[in-house]
Amino acid sequence: MLLHFIFVIKEEDYGKRNEEFQYVIHMGNFYKKWIKEKFSKDYDVKCDEMITGHRGLLERLDTNALLRDHRQRGEDTFHFYLSHFRPFWTDCTCEGYFAQNFAMIHWQKPKTTDDVMFLAEKNCTTVSHELSHELLRQAGYKKFKEDVHDVWTRHFYANLPFEQYGENFEKTNDKPMFLTMDVSSFRL
Ligand SMILES: [Zn+2]
């Protein structure tokens, strides 16, 4: 099984967001381990960049274009788009969307490219939200929407802390590199 993260950037940004892309690659390896631990699934992880704009692969920038790209690349692969635009519709309480073997989030650009805390708080958490939906759905878990949103709300309004991981992917109380939802309440 392959989980393919695709960093979707504007043509004019190509070559200017390399530090973020390095974070994406690191985060991909982190999620390989996290998914194994939390969902008992073995994924190979791959990371790529995709450029939008008139010379890029996507002309129209919407969720349908990403879904089409997913189908063209092959529906057996779980494609996860980290995109500079928002999903055009979603049931989610974050700026993300998921479908069968498909997810996207609006990847927020930090003001300074090496702001790891910003990437962890704004983007890494949202990735764990969409991964949780789809991995729970695949596992046959009934309330794969409601329960994720319930925990997500507790993170923001009930002082439930995000889980903190360091650059070696181990849990840490120091400054984290990766932050995820607490998925311990989901019984698979
Ligand atoms: Zn959601």
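**Exercise 1.** Which residue follows α1, and what is the sign of its phi?

*Solution.* Start with the ground rules. The model is predicted: local features need pLDDT of at least 70, side-chain atom pairs count only at pLDDT 80 or more, and totals for chains, interfaces and linings use all residues. Numbering runs from 1 along each chain as its sequence is written. Helices are DSSP runs of H or I with at least four residues, strands are E runs of at least two, and both are numbered from the N terminus. Now look just past α1: S40 comes next, with a positive phi near 55 degrees.

**Exercise 2.** Find the buried residues of α1 and the elements they pack against.

*Solution.* First, locate the helix: α1 covers residues 18-39. Next, apply the burial test (20 or more other C-beta atoms within 10 Å of a residue's own, with C-beta atoms placed from the backbone). Among those that pass are Y23, V24, Y31 and W34. Finally, list their partners, which include β1 (2-10), β3 (78-83) and α3 (116-138).

**Exercise 3.** Trace the contacts of L82.

*Solution.* Call two residues in contact if their C-beta atoms, placed from the backbone, lie within 7 Å. Then set aside neighbours within four places in sequence; L82 touches F5, I6, F7, V8, V24, I105 and W107.

**Exercise 4.** Describe how β4 and β5 pair.

*Solution.* Strands pair if DSSP finds at least two bridges between them. Here 4 bridges join β4 to β5, and the strands run antiparallel. Within the pair, A99 sits opposite F102 of β5. To finish, check the turn: 2 residues lie between the strands of this hairpin, and N101 has a positive phi near 55 degrees.

Terms used: The expected span of a helix is 1.5 Å times one less than its number of residues. A residue is buried if 20 or more other C-beta atoms lie within 10 Å of its own, exposed if 12 or fewer, and partly exposed in between; C-beta atoms are placed from the backbone.
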